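Colleague: I am still learning how to read a protein model. Please choose one residue to start from, then take me through the parts around the chain slowly, and tell me the reasoning as you go.

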Amino acid sequence: MTAIGFRMISTVLLVLLVLACLPLTVPRILGYHIYSVVSGSMEPAIPTGSLLYIQEAQPGEMKEGDIIAFYGSEHSTAVITHRVVENRVAMGEFITKGDANQAEDLQPVPYGDFIGKAVRIVPGAGKAAEIFTTTEGKTAAGALVLVAVLLQVLASLLDREREGRDNA
């Protein structure tokens, strides 16, 4: 293979990696929270494996039917995404329900546990996002960058060898 071929492969690998990471990085820079859906409580509106973009909002502005993200409890890091059934502004809490659930959630959601409103749902993209957030995924992305760098080095060595032959 020629130096140009190695450079092309290297560039394609890096462009693909950047394109794969853009949906996970740019929205965060713009202030969105990004979550992968791991349960079916909101199906069919939000299938398991979807990627959710959550925008910060004022809890008092949420309306019945809005899909919101919130912490499962005061000291929990688990994030739940359910639909607002009722916004009790005076009490500072929501009554929520998963679309696939038979009944409303047992506990009201205090405004303090509110994260934001779902503004974009990308079915299937959550599984891809999980790949890049695992240790194995990060290792694979790092290895891909290393391969691209090695291909660039190999291309440079081939160029030097060709220049040496041309000058001889």
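Modeller: Happy to! Let's start with Ser73, which counts as partly exposed because its relative accessibility is 35%, and partly exposed covers the range between the 20% limit for buried and the 50% limit for exposed. Please keep in mind that this is a predicted model. You can find Ser73 in the loop between strand E3, residues 67–71, and strand E4, residues 79–88. To place Ser73 in space, look for Thr134: the two are 61 residues apart along the chain, and their C-alpha atoms are separated by 25 Å.

Now follow the chain past E4. Ala90 sits in the loop between E4 and strand E5, residues 93–97. How accessible is Ala90, and is it buried or exposed? Its relative accessibility is 85%, so Ala90 counts as exposed, the limit being over 50%. From the C-alpha of Ala90 to that of Glu61 is 12 Å, with their places 29 residues apart along the chain.

Another loop shows us the opposite case. Gly49 belongs to the loop between strand E1, residues 33–36, and strand E2, residues 51–55. With a relative accessibility of 3%, Gly49 counts as buried, since buried means under 20%. Which residues touch Gly49, once we leave aside the neighbours within four places in sequence? They are Val37, Gly124, Ala125, Gly126 and Lys127. Arg165, on the other hand, has its C-alpha 55 Å from that of Gly49, and the two are 116 residues apart along the chain. The loop between E1 and E2 also holds Pro44. Have a look at the peptide bond that joins Glu43 and Pro44: it is cis, with omega about 5°.

Next, let's turn to the helices, beginning with H3. This helix covers residues 135–167. H3 has 33 residues and spans 48 Å from its first C-alpha to its last, close to the 48 Å expected at 1.5 Å a residue. Its buried residues are Gly137, Ala141, Ala148, Leu151, Ala155 and Asp159. What do these buried residues pack against? Their partners are H1 and helix H2, residues 125–133.

Take H2 first. The axes of H2 and H3 are 4 Å apart, and the two helices pack at an angle of about 75°. H2 and H3 are therefore roughly perpendicular to each other, as angles from 65 to 115 degrees count that way. From H2, the residues Ile131, Phe132 and Thr133 meet Thr135, Gly137, Lys138 and Ala141 of H3. Sorted by character, the residues of this contact between H2 and H3 are three nonpolar, three polar and one charged.

H1, residues 3–29, meets H3 in another way: their axes come within 8 Å and cross at roughly 160°. H1 and H3 are therefore roughly antiparallel to each other, the cut-off being over 145 degrees. H1 passes H3 in a left-handed crossing. On the H1 side, the residues in contact include Phe6, Ile9, Leu13, Leu14 and Leu17, and on the H3 side they include Leu144, Val147, Leu151, Leu154 and Leu158. In total, the contact of H1 with H3 is made of 15 nonpolar, four polar and two charged residues.

Asp159 is worth a pause here. It lies in H3, and at 16% relative accessibility Asp159 counts as buried. Setting aside neighbours within four places in sequence, Asp159 is in contact with Ala3 and Arg7.

Let's finish at Met1, in the segment before H1. With a relative accessible area of 65%, Met1 is exposed. Along the chain Met1 and Leu158 are 157 residues apart, yet from C-alpha to C-alpha they are 9.5 Å apart in space. Not counting residues up to four places away in sequence, Met1 touches Phe6, Ile9 and Leu158.

Technical notes: Residues numbered from 1 in each chain as written. Predicted model: local features only at pLDDT ≥ 70, side-chain atom pairs only at ≥ 80, totals over all residues. Heavy atoms only, no water. Axes fitted to C-alpha atoms, helices over the stretch in contact; angles between N-to-C directions. Parallel < 35°, antiparallel > 145°, perpendicular 65-115°, else oblique. Left-handed = near helix turned anticlockwise from the far one by under 90°. Contact = heavy atoms within 4.5 Å. Nonpolar A, V, L, I, M, F, W, Y, C, P; charged D, E, K, R; others polar. Expected span 1.5 Å × (residues − 1). Buried < 20%, exposed > 50% of the residue type's maximum accessible area, 1.4 Å probe, protein only.
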